[in-house]
Amino acid sequence: MQLPLFPLDIYLLPNGICKLRIYEQRYIRLVKLATTNHHGFGLCMKIDDTLCHFGTRAIITDFDPLPDGFMSITIQGVEMFLINNHWQDSDYLYVGDTSPVPNWHSKDINFIDQNISDNLKQLFQQHPDHARYYPEPKFDDITWVCQRWLEILPLEVNQKQWFMSRNDCSAALSFLHTVINNNASLK
């Protein structure tokens with residue numbers, strides 16, 4: 001699938017939600033393309049000036065004009081993808097030929113790690129501005145919980161890319177178990 005690409009340091013996974021402020025002409029064009037093609041756009045990261053291999057296809061769920069003439073959009077991650085090839089148009093908007101990467105499924109992991117889920121609930125309670133993006137949180141879905149944690153944690157881009165390349169959330173779950181238990185023992 002050919003998608004306009006938005007390279008940002010934001011790590012968004014399927015079902016993740018965030019707001020973006022749009023002000024550059026090329027990204028205003030990206031918003032127009034994303035709303036007319038019904039496929040959305042690709043959110044991807046960069047290392048130095050190089051686009052990373054994995055990204056997340058996002059759809060625009062809401063947008064608002066801002067008083068300064070810019071635009072605010074709310075986006076939701078739909079599926080991960082692999083960038084097969086990419087180029088820049090004359091206005092420097094990246095466009096990529098992408099292949100979908102299967103989303104992680106909770107059926108692959110038969111349990112919920114209550115400690116990891118409870119800590120995310122607690123974090124949402126402490127940060128209601130972030131929690132409001134998720135009016136129906138899925139704290140009993142280990143894939144959803146792992147993905148929200150990975151979006152929040154300050155990880156290096158190459159670490160984020162590695163997690164995106166996995167077939168399920170088991171590596172993320174193992175990592176989170178270590179991180180959360182180590183932090184709990186420091187209290």
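This passage looks at how helices H2 and H4 pack and at the nonpolar cores in a predicted model. Local features are taken at pLDDT of at least 70 and side-chain atom pairs at pLDDT 80 or more, while totals for chains, interfaces and linings use all residues. Residues are numbered from 1 along each chain as its sequence is written, and side-chain values use heavy atoms, with hydrogens and water left out.

Start with the helix pair. H2 covers residues 114–126 and H4 covers residues 142–152; helices here are DSSP runs (H or I, at least four residues), strands likewise (E, at least two), and both are numbered from the N terminus. The two helices pack at an angle of about 50 degrees, their axes 10 Å apart. Axes are lines fitted to C-alpha atoms, for helices over the stretch in contact, with angles running from 0 to 180 degrees between N-to-C directions. That angle makes H2 oblique to H4 (under 35 degrees is roughly parallel, over 145 roughly antiparallel, 65 to 115 roughly perpendicular, and the rest oblique). The crossing is left-handed, meaning that the near helix is turned anticlockwise from the far one by less than a right angle.

As for who meets whom, H2 brings Ile116, Ser117, Asn119, Leu120, Leu123 and Phe124 up against Trp144, Val145, Arg148, Trp149 and Ile152 of H4, with contact meaning heavy atoms within 4.5 Å. Sorted by type, the residues of this contact come to eight nonpolar, two polar and one charged (nonpolar: Ala, Val, Leu, Ile, Met, Phe, Trp, Tyr, Cys and Pro; charged: Asp, Glu, Lys and Arg; polar: the others, Gly among them).

Two H4 residues from this contact are worth a look. Arg148 counts as buried because its relative accessibility is 0%, and Val145 is buried at 0% as well; the cut-offs are under 20% relative accessible area for buried, over 50% for exposed and partly exposed in between (1.4 Å probe, protein chains only). Beyond four places in sequence, Arg148 touches Leu13, Pro14, Asn15, Gly16, Leu120 and Tyr134. The C-alpha atom of Val145 sits 9.6 Å from that of Cys169, 24 residues away along the chain.

Then there is the largest nonpolar core (buried Ala, Val, Leu, Ile, Met, Phe, Trp, Tyr and Cys residues joined through side-chain atoms within 4.5 Å). Among its 34 residues, Leu120, Trp149 and Leu150 touch the most other members. Strand S4 (50–65), H2, H4, H5 (157–164) and H6 (170–186) each supply at least two residues, and H4 gives the most, with six. A second, separate core has 18 residues, including Tyr27 and Leu93.
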